[in-house]
Amino acid sequence: MKCLKEANHLKLSLDDGTVIFDDKFFSCNSEVSIKSDHGHYKIHESRFSKESVVDDIDVESGDPLIVKLKAKSGSNKIFFSMHGFKDEHIYGGGEQYKYIDLKNKSMPIWVQEKGVGKGYDLLSFLAYMKGVRGNWYSTYFPAGIFYSSKGYAILIKNYNLMKVSFKNYNFFEVWSDELEIALFEGENIRSLIQKMISYIGQEYSELPEWAYEGVWIASQGGIKVAEDKIKAAKDRGIPVNAVWCQDWSGKKITSFGKQVYWNWQYDKQMYEELPQKIISMNSAGIKFLAYINPFLIDQSPLYIEGEEKGYFVKDRSGSAYKVYVTTFPAGLVDLTNPDAVKWYKQIIRNNMINIGISGWMADFGEYMPDDIITFSKRTGINFHNEYPVQWAKLNSDVVNESGKKDILFFMRAGFTGSTKYCPVYWGGDQSVNWSKSDGLPTIVPAGLSLGFSGVRYYHFDCGGYTSLFHVKRTEELFMRWSEIAAFSLIMRTHEGNRPYKNLQYDSNERIFNHFALMSNIHASLKTYLKYSVYSSIKENLPVMKHPFLIYQDYPENLKYQYLLGNELLVSPVIRPHAKSWNVYLPKGKWIHLWSGKLFNGGNYVNVDSPIGKPPVFIVESSSYAEEMIKNVQFVDKKFNL
């Protein structure tokens, strides 16, 4: 990348001569109003001052090229525009559920709830009336990372509120008086992602061995329920390697559904003698997984302790800020307070790790209000996006300090920098329907876009999560969801927010048999998945990836197919009542996993896709092809759906 700097003017061009920036950087003062409601945010800007050129520009040549900016005195926002091109594609921005190409899109970069519905159906309308709908760009994991098909990438190294637009120009606004950006050049998106992942860092490498060895089944209701579920699943031939009990700390029934009691000590009635039970499970090859978030429910024992010590973020009166996540108030731990961080790490160490818990969902991170007061005097507007990064770091630190190598936690909220600390992300709360705005189909673009943004290891709730109003799981929906989960890095079920009103994997014989088939197929992929993780580390690419990262002839606009590793192409069935499915195969020869039939790539093919046989292909040249086809066909014949 070539850089020419004259006073406050900067010209940037790629090695082929393409000019991507030829202008000045500007600053101004503007007033921003951010209103929050249950993790949803409305951002309004007003009272602009006259724009002025930034005071200082410092350029460090290299790959990446670093540009450091300092705003004019009295300004609180820096903004600039890069050249846009009509034939340009823009990727990144964090986890996106509907679009992977952001060309002609505008959005804020702000951690928040994804929202329910997000489309134009009845569910979305009802969610809008309740104030929980969200926008197409609402996401738990935004990121100031963007890739242009013209051959460059930009990283905005700042946690403050940002807005971006990729219309006629590529326009960036950051509410900060100082700004650092990094610019990369590469021959394609793949090389840019590799450079970006290397630059932003990823602390975690391989997953613990147990993570590959079967399915993680969700259970709520107590230790007896969990033991019965494990036995029933084992009797059915399901390779259970972990049981995930999110209500290990107790339950609270609300109008939203069955929720966890946010006090991070095991419930001695529901989970009687849990430490001893975990030892017994471990001896049978079953890991026990739990749940935690950075909140404590109002007036719980740990809340009272935290309030007495002043460990929560505060409101304007100096009291613990009462955050309403769903229907009840809770205190949010102040992660700018070193003593609060030590205290929370001690809770995880003593109440979770030391009783044998092998992993947990480290939920939330996106609910910090804008009008809080923190220990360090950081404001909501400049700490909000950093909060999930610090939440990830807290969990990472306590795991590393324990010295135990087989503990695995997973998160949904994140921001640029989170991948240095959190090993695995999941796709958040999808509605239990077929909506391309919020249902089953969205788990694919979510995974692809997270891959662009530096996340190597991704999975999702098998079956979805959110059941509101009239929306409930159907048999077909759950089974199709299980098929995608089987061909993912981690297969984990979730009972949802209203488990007793929704079908589960063991609700009836048909679903149970199908789930047994899919979980065995997932387990049969262990060797290939371990190889794919190794390749991901070696190549600095995500395990689940857009096919054009490997096959350059692959159409960039396709967003509902993916590669698992580099050799397995998955084209999930994402609409109801489908009997066959059109699949685009990259150039080369591909083997249909179920029939063993060989197809020539470079075009669309249509294959039979009844329930139990999702469209999956392996490249003929793969050293895993023969073994995988043999294993899949053996399992298929064994369960004989």
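This passage describes a sheet, a surface patch and some backbone features of a predicted model.

The sheet is open and has six strands, paired antiparallel in the order β8-β9-β17-β14-β13-β11. Its edges are formed by β8 (56-60) and β11 (90-94); each has a single partner strand, so one side of each is left without a neighbour in the sheet. On average, and with direction ignored, neighbouring strands are turned by 15° against each other. At the β11 edge, the partner is β13 (residues 142-148), joined to β11 by four bridges in an antiparallel run. Within this pairing, G92 has F146 of β13 as its bridge partner. The two strands also share a helix: α9 (residues 443-452) lies across β11 and β13, and runs at about 90° to β11.

Turning to the surface, L122, F125, Y128 and M129 make a nonpolar patch of about 500 Å². Y128 belongs to helix α1 (residues 122-130). With a relative accessible area of 56%, Y128 counts as exposed, because the cut-off for that class is over 50%.

Some loops deserve a closer look at the backbone. Most residues other than glycine have a negative phi, and most peptide bonds are trans. Against this background, the peptide bond from D63 to P64 is cis, with omega near 15°; P64 sits in the loop between β8 and β9 (65-70). A positive phi, near 50°, is found at H38, in the loop between β5 (31-37) and β6 (40-46). H38 is partly exposed, at 30% relative accessible area. Q299 likewise has a positive phi, near 75°, and lies in the loop between β23 (295-297) and α5 (301-309). The relative accessible area of Q299 is 48%, which makes this residue partly exposed.

Definitions and conventions
Residues are numbered from 1 along each chain as its sequence is written. This is a predicted model: local features need pLDDT of at least 70, side-chain atom pairs count only at pLDDT 80 or more; totals for chains, interfaces and linings use all residues. Side-chain values use heavy atoms; hydrogens and water are left out. Two strands pair if DSSP finds at least two bridges between them. Axes are lines fitted to C-alpha atoms, for helices over the stretch in contact, and angles run from 0 to 180 degrees between N-to-C directions. Contact means heavy atoms within 4.5 Å. Patches are made of residues with over 30% relative accessible area and no salt bridge: like charges are joined within 9 Å, nonpolar side chains (Val, Leu, Ile, Met, Phe, Trp, Tyr) within 5 Å. Accessible areas come from the Shrake-Rupley method with a 1.4 Å probe; for residues, only the protein chains shown count as cover. A salt bridge is a side-chain nitrogen of Lys or Arg within 4 Å of a carboxyl oxygen of Asp or Glu. Buried means under 20% relative accessible area, exposed over 50%, partly exposed in between (1.4 Å probe, protein chains only).
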